[in-house]
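Colleague: Hey, can you walk me through this one? I'd like to start with how the helices pack.

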Amino acid sequence: MDQNNFDEIINRSLKIREQYHQLEKQHHGTEWTLEEDALAYLTDAGLVGRNIMAHQKRWLKKDSAAELEHKLGENIWWIIVLADRTGIDIKEALEKFLTKTENLFK
């Protein structure tokens, strides 16, 4: 994977989300709503917290390093999906955030 091609990462992320939508239709008759996607993201964000605790030896958990890596990647994926579903250009949003935050430190 080209580590610097954010467009490719976004496209791959949205393709995977579409494949999950197809599974949701098969199993539940409909795709998950935006609210369900947001709840899934929040659940995974919480799991990042638990795995960070395990990484710091404050929570005993087997295979936490591999799960932490997976969940960090999954959280980025969810952010891309949520941005797309809300009509937000994630690249533009990130650029605005970085610029605004950098300017706080000038």
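Modeller: Sure. Keep in mind that this is a predicted model. A good place to begin is the pair α2 and α3, where α2 passes α3 in a left-handed crossing.

Colleague: And what sort of residues make up the contact of α2 with α3?

Modeller: There's a mix: 15 nonpolar, 4 polar and 6 charged residues.

Colleague: Where do those two helices sit in the sequence, and at what angle do they cross?

Modeller: Helix α2 covers residues 34-55 and helix α3 covers residues 64-85. Their axes cross at roughly 155 degrees and come within 9 Å.

Colleague: Okay, how do I read that angle? Are they roughly parallel or roughly antiparallel?

Modeller: Anything over 145 degrees counts as roughly antiparallel. The crossing is at roughly 155 degrees, so α2 and α3 are roughly antiparallel to each other.

Colleague: Got it. Now the loop between α2 and α3: which residue there has a positive phi of about 65 degrees?

Modeller: That's K57, and it has that positive phi although it is not a glycine. K57 sits in the loop between α2 and α3.

Colleague: Is K57 buried or exposed?

Modeller: Exposed, with a relative accessible area of 69%. The loop between α2 and α3 also holds D63. D63 isn't a glycine either, and its phi is positive, at about 60 degrees.

Colleague: What's the relative accessible area of D63?

Modeller: For D63 the value is 61%, so D63 counts as exposed.

Colleague: Let's zoom out. How many helices and strands does the protein chain have?

Modeller: The protein chain has 4 helices and 0 strands. Reading from the N terminus, the order of elements is α-α-α-α.

Colleague: Is the whole thing a compact globule or more spread out?

Modeller: More spread out than a compact globule, because the radius of gyration is 16 Å, well over the 13 Å that the globule rule gives for 106 residues. If you want dimensions, the C-alpha trace spans about 50 × 40 × 30 Å along its principal axes.

Colleague: What percentage of the residues count as buried?

Modeller: Of the 106 residues in the protein chain, 23% count as buried.

Colleague: Last one. What share of the contacts comes from residues 24 or more positions apart?

Modeller: Counting contacts in the protein chain with a separation of 6 or more, residues 24 or more positions apart account for 59%.

Definitions and conventions:
Residues are numbered from 1 along each chain as its sequence is written. This is a predicted model: local features need pLDDT of at least 70, side-chain atom pairs count only at pLDDT 80 or more; totals for chains, interfaces and linings use all residues. Side-chain values use heavy atoms; hydrogens and water are left out. Axes are lines fitted to C-alpha atoms, for helices over the stretch in contact, and angles run from 0 to 180 degrees between N-to-C directions. Angles under 35 degrees count as roughly parallel, over 145 as roughly antiparallel, 65 to 115 as roughly perpendicular and the rest as oblique. A crossing is left-handed if the near helix is turned anticlockwise from the far one by less than a right angle, and right-handed if clockwise. Ala, Val, Leu, Ile, Met, Phe, Trp, Tyr, Cys and Pro count as nonpolar, Asp, Glu, Lys and Arg as charged, and the others, Gly among them, as polar. The radius of gyration is taken over C-alpha atoms; the globule rule is 2.2 Å times the number of residues to the power 0.38. Buried means under 20% relative accessible area, exposed over 50%, partly exposed in between (1.4 Å probe, protein chains only). Contact means heavy atoms within 4.5 Å.
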